[in-house]
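Work through the exercises below with the sequence and the coordinates open. Each task is followed by a solution in steps.

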Amino acid sequence: MNTIFTFLHFRIKQFFRSIREIGIPLFFILLLVTTGITFKILAFLSVVQGIEMGFFSLVIIVSIHLTRKDSHFLKSLTVSRPLLFLAEYSLILLPVSILLFFLEKVEPAIYWQLGMLPVLLFPAGDFKNNKIAPLVNLDRIPVKYFEIKQGFRKMFFVIVLLYLVTLGCSFFIGTLILFGVFLLMILPVFFQDFEPKEMIVLEYEKDDFLKNKVLRHLLIFQIALLPHYLMFLFYHFEMWYLGLACFVGLSLGIMFNIVYKYASYRPNVPKIFSNTFQGVFLLTLFMPGLVLASIGLIIYFWRKANENLAYYYG
């Protein structure tokens with residue numbers, strides 16, 4: 001038990017160290033800027049049902065659990081790992097539980113904590129990085145879809161698992177929105193690596209490199225999400241505008257990540273090392289009234305990407 005308390009204390013110190021690295025003033029400015037989102041979350045929590053909260057906590061904890069990078073360290077601890085996971089994940093979920101109790105939503109608070117229980121017996125971190133089933137041959141993906149191949153190499157099982165789980169739970173009104181937000185947050189994983197310059201030269205010579213890259217990825221991502229859109233309309237047709245908002249938001253996210261990648265491109269640099277502008281872009285999507293700002297960012301980085309590519313390959 002002392003080991004568990006020590007481990008939790010270490011996690012809490014990590015959290016506060018992250019805040020200090022961001023900067024206390026910047027952290028409070030971020031809280032102020034996201035006030036609109038906070039009120040929307042509070043409004044949602046005030047009407048949410050218990051089973052929905054259980055599903056949401058399951059999805060969140062699964063995404064954390066399957067991509068952990070400390071599995072080797074955990075094996076060295078002389079403590080029950082399910083018990084350790086229970087304590088750690090309960091701590092992660094605790095703030096929302098307290099908020100739900102404050103809103104007198106006792107049943108959703110209980111479901112929120114219990115939703116992660118099925119995860120405790122799964123091996124931790126086994127699906128991260130390149131651990132892909134032998135039956136899945138990613139080398140068959142064409143070179144022009146380099147970004148999709150890289151993203152799947154890093155998060156294949158997490159993406160497929162959440163894709164199937166969220167599709168099966170489409171009868172919950174918030175499922176598509178939650179899955180859309182998750183995809184927006186992981187899109188930089190797909191577009192952070194720079195392909196070898198030989199690949200870019202072959203595609204760049206065909207003209208309209210950036211436009212073709214954007215159209216191809218929009219098409220493949222949105223076709224993959226078509227079953228989710230159809231299921232959302234089947235169960236919640238009266239809320240069709242939420243499905244449209246997810247479609248537009250994801251489309252803008254894909255476009256931004258592509259143009260930002262090539263605006264930052266350098267032939268001898270392996271990947272993008274700064275995610276600052278991705279964070280700014282996400283804020284413009286989530287904050288009411290700032291969608292035009294997100295379009296402005298796309299236009300700005302599109303021009304910058306074209307100039308950057310022309311400098312190296314024009």
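**Exercise 1. The order of elements**

In what order do the elements of the chain run from the N terminus on?

Solution. The model is a predicted one. Reading from the N terminus, the elements run α-α-α-α-α-α-α-α-α-α-α-α-α-α. The count agrees with this order: the chain has 14 helices and zero strands. The chain has 314 residues, and 41% of them are buried. As for contacts between residues at least 6 apart in sequence, 79% join residues at least 24 apart.

**Exercise 2. Helix α14**

Compare the span of helix α14 with the expected one, and list its buried residues.

Solution. Step one is the span. Helix α14 covers residues 291-313, which is 23 residues. From first C-alpha to last it reaches 32 Å, close to the 33 Å expected at 1.5 Å a residue. Step two is burial. Ser294, Leu297, Ile298, Phe301, Ala305, Asn308, Leu309 and Tyr313 are the buried residues of α14.

**Exercise 3. Two helix pairs**

Classify the packing of α11 with α14 and of α9 with α12.

Solution. Two packed helices are described by the angle between their axes and the distance between the axes.

Take α11 (residues 209-236) with α14: the angle is about 125 degrees and the axes are 10 Å apart. Angles over 115 and up to 145 degrees fall outside the other classes and count as oblique, so α11 and α14 are oblique to each other. On the α11 side the contact is made by Phe209, Leu210, Lys211 and Val214, and on the α14 side by Trp302, Ala305, Asn306 and Leu309. By class, these residues are six nonpolar, one polar and one charged.

Now take α9 (residues 175-191) with α12 (residues 240-263): the angle is about 5 degrees, with the axes 10 Å apart. Angles under 35 degrees count as roughly parallel, so α9 and α12 are roughly parallel to each other. From α9 the contact involves Leu176, Ile177, Gly180, Leu183, Leu184, Leu187, Pro188 and Phe191. These meet ten-odd partners of α12, including Leu242, Cys246, Leu250, Ile254, Asn257 and Lys261. The contact divides into 12 nonpolar, five polar and one charged.

**Exercise 4. The nonpolar core**

Which residues have the most contacts inside the largest nonpolar core?

Solution. The largest nonpolar core has 72 residues, and those with the most contacts inside it are Phe182, Tyr262 and Leu309. Follow Tyr262 outward, leaving aside neighbours within four places in sequence: its contacts are Glu147, Glu195, Ile200, Phe209, Leu210, Lys213, Ala305, Asn308 and Leu309. Among these, Phe209 and Leu210 also take part in the contact of α11 with α14, as do Ala305 and Leu309.

Phe182 can be approached from Leu162, which is found in helix α8. The two are 20 residues apart in sequence and 9.5 Å apart in space, C-alpha to C-alpha. Beyond four places in sequence, Leu162 touches Val59, Ser63, Phe179 and Phe182. Its relative accessible area is 2%, so Leu162 is buried.

**Exercise 5. Polar residues in helices**

Are Ser97 and Asn257 buried or exposed?

Solution. The cut-off for buried is under 20% relative accessible area. Ser97, in helix α6 (residues 81-102), has 4% relative accessibility and therefore counts as buried. Setting aside residues within four places in sequence, Ser97 is in contact with Ala109, Trp112 and Gln113. Asn257, in helix α12, has a relative accessible area of 3% and is therefore buried. With the residues up to four places away left out, Asn257 touches Leu187, Pro188, Phe191 and Gln278.

**Exercise 6. Residues in loops**

Where do Phe172 and Ile272 lie, and what do they touch?

Solution. Phe172 is in the loop between α8 (146-168) and α9. At 10% relative accessibility, Phe172 counts as buried. Phe172 touches Ile51, Glu52, Phe55 and His236, not counting residues up to four places away in sequence. His236 is 64 residues from Phe172 in sequence, yet 8.8 Å away in space, C-alpha to C-alpha.

Ile272 lies in the loop between α12 and α13 (276-286). At 7% relative accessibility, Ile272 counts as buried. Outside four places in sequence, Ile272 touches Phe191, Gln192, Phe194, Tyr260, Lys261 and Ser264. Pro188 is 84 residues from Ile272 in sequence and 9.1 Å away in space, C-alpha to C-alpha.

Terms used: Residues numbered from 1 in each chain as written. Predicted model: local features only at pLDDT ≥ 70, side-chain atom pairs only at ≥ 80, totals over all residues. Heavy atoms only, no water. Helix = DSSP H or I, 4+ residues; strand = E, 2+ residues; numbered from the N terminus. Expected span 1.5 Å × (residues − 1). Buried < 20%, exposed > 50% of the residue type's maximum accessible area, 1.4 Å probe, protein only. Axes fitted to C-alpha atoms, helices over the stretch in contact; angles between N-to-C directions. Parallel < 35°, antiparallel > 145°, perpendicular 65-115°, else oblique. Contact = heavy atoms within 4.5 Å. Nonpolar A, V, L, I, M, F, W, Y, C, P; charged D, E, K, R; others polar. Core = buried A, V, L, I, M, F, W, Y, C linked by side-chain atoms within 4.5 Å.
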